[in-house]
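Visitor: I am new to this structure and would like to be walked through it one question at a time. Could we begin with the loops and then turn to the chain and its ligand?

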Amino acid sequence: MAPKCNYSLKGKKALGIFIPLIFLTLLALFIISLPRWAVIVTIILGLLALNAFLGIIFGSRIHRAKTRCTQAIAKILRDKEIETVLDLGSGAGILTIHLAKNGFQTSGVDIDEEALHQARKNAEREGVKTEFLVGDGSSLKWADNSFDAITSLNLLHETKDPQTVLAESYRVLKPGGTLVMADFRRSPAIFTIFWVGIFKFLSRKNLFRLLQEAGFEKIQIWKVNLFHHLVLGRKKK
Ligand SMILES: C[S@@+](CC[C@H](N)C(=O)[O-])C[C@H]1O[C@@H](n2cnc3c(N)ncnc32)[C@H](O)[C@@H]1O
């Protein structure tokens, strides 16, 4: 016998659509009836509230997505013959510490001394040996051909000059060395949180061009999760 609950489910589905529709219609009628300045204020406040709400919803998801990026970067490096890694824009050290735990000899560099202080504390707490140094990704103090790999997590959109950061990364990489960077994608999910700020995130096409201009070969850019893409490149041998 066919289960009767199918009918009641249909009813619930219809209610689930109509209740928000009625609510939104009443809200729209209310807003339209207000004076123009009040309509503008209501819309701005509504958008800010929506932004805060989405920030809360996506906040923990972004954190999980970052963790998955660190795992993906470590996996890429494990599959290659890599010992020394320079992590640019290391912040509080999430990626640097994860890579050190995976057996790489890592150095983290950041322009923010306070973030580095936190990174050193985090490394100590985790019992990990890694160095954190103050420095600017667009003017690295290391000699040419110093590292097997350069990494970064959510750095490129923060730098004023990503092109110079990529050129410097190329310079300090050993021939055949690996560049692997994760950054926010220009995606609908990211748009709901950052709105116009989304335009500081490099599009895939621009990133590809910047890597090419810096001299990288075997460039790959692909989506790793809802928020991030991974960028992979190799310095010519
Ligand atoms: C969004 S945070 C990401 C930090 C860390 N990688 C993480 O994912 O938790 C970006 C970091 O890049 C650093 N930064 C920005 N521009 C930089 C530059 N030109 N050179 C080095 N670090 C830079 C900032 O100080 C900040 O700590």
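Visitor: In which loop is the place of Asn154?

Guide: This is a predicted model, and in it Asn154 has a positive phi of about 55 degrees although it is not a glycine. Its place along the chain is in the loop between E4 and helix H5 (162-172).

Visitor: Does Asn154 count as buried or exposed?

Guide: The answer rests on a count of surrounding C-beta atoms, for which 20 or more within 10 Å is the mark of a buried residue. Asn154 has 20 C-beta neighbours inside 10 Å, and therefore it counts as buried.

Visitor: And Asn145, does that residue count as buried or exposed?

Guide: Asn145 is found in the loop between strand E3 (131-134) and strand E4 (147-153), and its phi is near 55 degrees, a positive value in a residue other than glycine. The cut-off for an exposed residue is 12 or fewer C-beta atoms within 10 Å. Because Asn145 has 12 such neighbours inside 10 Å, it counts as exposed.

Visitor: Which residues does Phe227 touch, leaving out those up to four places away in sequence?

Guide: Phe227 sits in the loop between strand E6 (217-223) and strand E7 (228-234), and with 24 C-beta neighbours inside 10 Å it counts as buried. Once residues up to four places away in sequence are set aside, Phe227 touches Ile62, Ala65, Phe184, Arg185, Ser187, Ala189 and Ile190.

Visitor: What separates the C-alpha atoms of Phe227 and Ala72?

Guide: Along the chain, Phe227 and Ala72 are 155 residues apart. In space, the separation of their C-alpha atoms is 14 Å.

Visitor: Is the protein chain more spread out or less spread out than a compact globule?

Guide: The protein chain has seven helices and seven strands. For its 237 residues the globule rule gives 18 Å, whereas the radius of gyration is 23 Å, well over that value, so the chain is more spread out than a compact globule.

Visitor: What percentage of the residues count as buried?

Guide: The C-alpha trace of the protein chain spans about 65 × 60 × 40 Å along its principal axes. Of the 237 residues in the chain, the share that count as buried is 30%.

Visitor: Which elements give two or more residues to the shell around the ligand?

Guide: The ligand is surrounded by 21 residues, and the closest are Gly89, Gly91, Asp112, Gly137 and Leu153. The elements that give two or more residues to this shell are helix H3 (94-101) and strand E2 (105-110).

Notes: Residues numbered from 1 in each chain as written. Predicted model: local features only at pLDDT ≥ 70, side-chain atom pairs only at ≥ 80, totals over all residues. Near = placed C-beta within 6 Å. Helix = DSSP H or I, 4+ residues; strand = E, 2+ residues; numbered from the N terminus. Contact = placed C-beta atoms within 7 Å. Rg over C-alpha atoms; globule rule 2.2 N^0.38 Å.
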